[in-house]
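Here are some exercises to help you find your way around a new structure. Try each one yourself before you read the solution.

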Amino acid sequence: MKRIFLFFTIIVLFAACGDVETFRGTSLPSPRHSDNQMRYAQNVVVNETDSGYLVSVRNPWDTAAWLGQYMVNQPFGRVVCYSSTQWSVFDKLGEIERVKGILEGRYVNDSTMRALLDAGLVQDVGTEAQVNSERLIALQPDIILYTPYSGGGDVPWHVSTMPNTIMFPFADYLETEPLGRAEWIRVVGILCGRKEEADAWFDQIECRYLSLKTLCDSVEERPTVFSDLPFNGQWYVAGGKSYIAQLFADAGADYLWADNDKTGSVPLDFEPILAKAQHADFWRVSNSALQAMTYASLERESNLYTLFDAFNQHQMLVCDVVQTGYFERSSMEPDVLLADFIYFFHPELLKGEWEGYKPKYYHWMSQ
């Protein structure tokens with residue numbers, strides 16, 4: 001692909017010192033929320049202007065500030081993605097050839113990306129903790145989509161060593177609304193010049209998600225559910241305002257920590273977990289190992305699990321994250337995730353076009 005050189009006006013905000021540094025131009029106007037094209041995403045504002053699209057990424061840890069503002073008027077030619085949720089969208093839009101590098105290539109399950117890595121058409125540039133700087137610089141990307149973490153303002157070191165590369169904070173994972181996370185599809189559409197296709201794709205997801213949610217809005221019997229397993233002796237439960245909590249609610253279930261006001265994970269000891277979740281109807285877990293997670297394997301791990309009704313009644317839902325490509329695809333398929341949960345919580349509701357639906361990401365745990 002011919003390399004496309006772009007002209008952008010960019011502001012990067014550094015929360016650590018509070019300074020504003022301007023690259024290639026003057027300060028951009030404040031985004032007008034009344035003209036915001038995003039419907040669900042809270043961490044990005046998109047305004048159409050005479051010069052192109054002004055994409056403003058909010059600092060989730062300081063909502064009065066922006067991680068960056070970008071005037072996009074042409075597609076990027078060479079892209080490096082730091083998250084699988086990013087490059088999977090390029091693939092879905094038929095623009096995977098723009099992606100020249102990714103992180104964590106050894107964990108890729110997707111057959112298309114696996115083939116590109118094996119052929120050397122996409123380079124594995126390391127991990128977020130240890131980027132292969134020589135390999136990354138050799139790629140000469142036009143843009144790097146990176147994942148911002150707590151603290152908010154720090155831009156990776158590459159901004160100083162790669163002055164011709166745009167560092168774009170892709171904050172999709174911080175969205176708590178399932179449709180908000182998926183709506184970052186539309187941002188990728190702008191970056192690769194396929195906005196209309198991306199918008200149409202998201203519109204279909206939105207329609208499917210809302211139609212499924214409507215099926216559950218009036219259910220009278222809502223099963224109780226809790227989530228996850230302890231890690232290194234500490235149990236982390238999803239906050240009541242989290243992404244997974246919203247999915248449970250939209251699927252017609254009562255999440256046992258729904259009254260918690262946190263959007264992230266909350267550390268708890270075993271005793272309060274047991275006190276609240278011992279008699280829960282369902283228990284949702286994820287499995288990142290290649291071998292199957294079973295009731296027997298969990299009991300070998302800890303016989304404390306046998307104190308929960310959901311364990312003894314075999315009401316545990318498991319997602320095998322490697323085999324299903326959960327981290328690569330699921331955040332852009334909230335409608336599929338919602339259908340999966342409804343399948344278990346309220347199977348009688350899946351009629352008509354949903355008749356015979358088979359879950360994609362979750363299954364009953366095996367013996």
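The expected span of a helix is 1.5 Å times one less than its number of residues. Keep in mind that this is a predicted model.

**Exercise 1.** What should helix α14 span, and what distance separates its end C-alpha atoms?

Solution. Step one: α14 covers residues 334-345, which makes twelve residues. Step two: at 1.5 Å a residue, the expected span is 16 Å, because the rule multiplies that rise by one less than the number of residues. Step three: the end C-alpha atoms lie 16 Å apart, in agreement with the expectation.

**Exercise 2.** Is α14 mostly covered or mostly open, and which of its residues are buried?

Solution. Start with the count: eleven of the twelve residues are buried, so the helix is mostly covered, where buried means under 20% relative accessible area. Now find them in the model: the buried residues are Pro334, Asp335, Val336, Leu337, Leu338, Ala339, Asp340, Phe341, Ile342, Phe344 and Phe345.

**Exercise 3.** In what order do the strands of the open sheet with mixed pairing run, and where does α14 pack?

Solution. First, trace the five strands in the order β14-β11-β16-β17-β18. The edges are β14 (254-255) and β18 (362-364), each of which pairs on one side only. Next, place the helix: α14 packs on this sheet and touches β11, β16, β17 (316-320) and β18, with its direction at about 20° to that of β18. Finally, look inside the sheet: β11 (residues 224-227) and β16 (residues 282-287) pair in the parallel sense over three bridges, and Phe226 stands opposite Trp283 in β16.

**Exercise 4.** Which residues have the most contacts inside the largest nonpolar core, and which element gives the most to it?

Solution. The largest nonpolar core has 100 residues, and those with the most contacts inside it are Met113, Phe168, Trp184, Trp283, Phe308 and Phe345. The element that gives the most to this core is α14, with eight residues. Another core, of eleven residues, lies apart from it and includes Val80 and Ile144.

**Exercise 5.** How do β6 and β9 pair, and which residue is the bridge partner of Val80?

Solution. Begin with the open sheet of five strands in the order β8-β7-β6-β9-β10, with parallel pairing. Within it, β6 (residues 79-81) and β9 (residues 143-146) pair in the parallel sense over three bridges. The bridge partner of Val80 in β9 is Ile144. To finish, add helix α1 (residues 84-92), which packs on the sheet and touches β6, β7 (99-102) and β9.

Technical notes:
Residues numbered from 1 in each chain as written. Predicted model: local features only at pLDDT ≥ 70, side-chain atom pairs only at ≥ 80, totals over all residues. Heavy atoms only, no water. Helix = DSSP H or I, 4+ residues; strand = E, 2+ residues; numbered from the N terminus. Buried < 20%, exposed > 50% of the residue type's maximum accessible area, 1.4 Å probe, protein only. Pairing = 2+ DSSP bridges. Contact = heavy atoms within 4.5 Å. Axes fitted to C-alpha atoms, helices over the stretch in contact; angles between N-to-C directions. Core = buried A, V, L, I, M, F, W, Y, C linked by side-chain atoms within 4.5 Å.
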